[in-house]
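Please find below my notes on this model, set out as numbered points for discussion. They take up helix packing, the surroundings of the ligand and some details of the backbone.

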Amino acid sequence: MKKITVKDLREMKGSNHVISMLTAYDASMAHLLDQAGVDVLLVGDSLGMVVLGYDSTVPVTMEEMLHHAGAVSRGTERALVVGDMPFGSYQVSVEQAIANGTRFLKEAGCDCVKLEGGEEVCAAVRGLVRAGVPVMGHIGLTPQTAGQLGGFKVQGKDMEAARQLLADAKALEAVGAFALTLEAVPAPLAKIITQEVAVPIIGIGAGPDCDGQVLVVNDMLGLFEKFIPKFVKQYCHLAPDIKQGVQAYLQEIQEGSFPTEQHSFAAKEDFSGLLNQEKEEKKERE
Ligand code: KIV
């Protein structure tokens, strides 16, 4: 199985192949997604909300990201693994961005990193790329700064906001981002941005005309039930399946129908005399 590289991904733009990206947070899920043929595994900072139980992605730390990114890298053979830089890990200075970005490659085995923002993060992106860290940008709805954007809302709805998003996309391309995630923007705007920049645009809630599509795996498998964004399609309904399976287990251990002989180990000898033998040995010692 040939490993997908950043160069391969760039070459997918303009081909007939739609780039597939899903999030992953651990080795076993990464292995399943990789085997299924997903091109890109994003260790998203959505980790905070879907796995770690935070209310937003803001509290997620570098150590948490590296821990999970390492697991995903170990579970992956073919897909490109992207480590998502958490809030506060690249905003302080270009040096800070490079110091943290390189950790994703050195310590977690990622192939590249992703970070959120447009023109305001271009210095960090340029620094990372020059330091040898491939960067995927992320514009549109940027969950780390959702507060500033007025919540988890569709971005680029009017002409001025659309112009700014197009400028952000071009600026990120110019400083060396190899691809962009475009989140929650009107489909016609996503189509224009996809046509106007030379790097792959991977959409989430950005309509059908992007070069690729990404979803949070827990959303598309129906594992995360707290809220379901409009752009999510559930391809499985694992949450009710899991609850049903666990309830069956609880019932069976109470009624004694699990474990049966099938799930138990036989002995080599007959142990019925074991306790008598012990008692006799104790008596002899006394
Ligand atoms: O963190 C994440 O899962 C993401 C996706 C929503 C693209 O950034």
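1. Helix α7 passes α8 in a right-handed crossing, where right-handed means that the near helix is turned clockwise from the far one by less than a right angle, and left-handed that it is turned anticlockwise. The contact is built from Ala162, Leu165, Leu166, Ala169 and Lys170 on the α7 side and from Leu189, Ile193 and Glu196 on the α8 side, contact being taken as heavy atoms within 4.5 Å. By class these residues comprise six nonpolar, no polar and two charged; Ala, Val, Leu, Ile, Met, Phe, Trp, Tyr, Cys and Pro count as nonpolar, Asp, Glu, Lys and Arg as charged, and the others, Gly among them, as polar.

2. Before going further, the basis of these remarks should be stated: this is a predicted model, in which local features need pLDDT of at least 70 and side-chain atom pairs count only at pLDDT 80 or more, while totals for chains, interfaces and linings use all residues. Residues are numbered from 1 along each chain as its sequence is written, and side-chain values use heavy atoms, with hydrogens and water left out.

3. As to the geometry of the same pair, α7 (residues 159–174) and α8 pack at an angle of about 30°, with their axes 10 Å apart; helices are DSSP runs of H or I with at least four residues, strands are runs of E with at least two, and both are numbered from the N terminus. Axes are lines fitted to C-alpha atoms, for helices over the stretch in contact, and angles run from 0 to 180 degrees between N-to-C directions.

4. Helix α4 (residues 62–74) packs against α5 (residues 94–106) at an angle of about 20°, the axes being 10 Å apart. α4 is therefore roughly parallel to α5, a label for angles under 35 degrees, with over 145 counted as roughly antiparallel, 65 to 115 as roughly perpendicular and the rest as oblique. In this contact Met62, Glu63, Met65, Leu66 and Ala69 of α4 meet Asn100, Arg103 and Phe104 of α5, a set that divides into five nonpolar, one polar and two charged residues.

5. The axes of α5 and α6 (residues 122–130) come within 9 Å and cross at roughly 50°, and the two helices are therefore oblique to each other. Val94, Ala97, Ile98 and Gly101 of α5 make this contact with Ala123, Ala124, Gly127 and Leu128 of α6, which gives six nonpolar, two polar and no charged residues.

6. Which residues lie around the ligand? Among them are Thr23, Asp45, Ser46, Lys114, His138 and Glu183, a residue being included if one of its heavy atoms lies within 4 Å. Polar side-chain atoms of aspartate 45 and serine 46 lie 3.0 Å and 2.5 Å, respectively, from an oxygen atom of the ligand, and for lysine 114 the distance from a side-chain N or O atom to a ligand oxygen is 3.0 Å.

7. Two backbone details deserve inspection. Phenylalanine 258 and proline 259 are joined by a cis peptide bond with omega of about -5°, and proline 259 lies in the loop between α10 (238–255) and α11 (274–285). Alanine 184, in the loop between β6 (179–183) and α8 (187–196), has a positive phi near 50°. Most residues other than glycine have a negative phi, and most peptide bonds are trans.

Terms used
A polar contact is a pair of N or O atoms within 3.5 Å; within protein, one must be able to donate a hydrogen and the other to accept it, and residues adjacent in sequence count only if both atoms are side-chain atoms.
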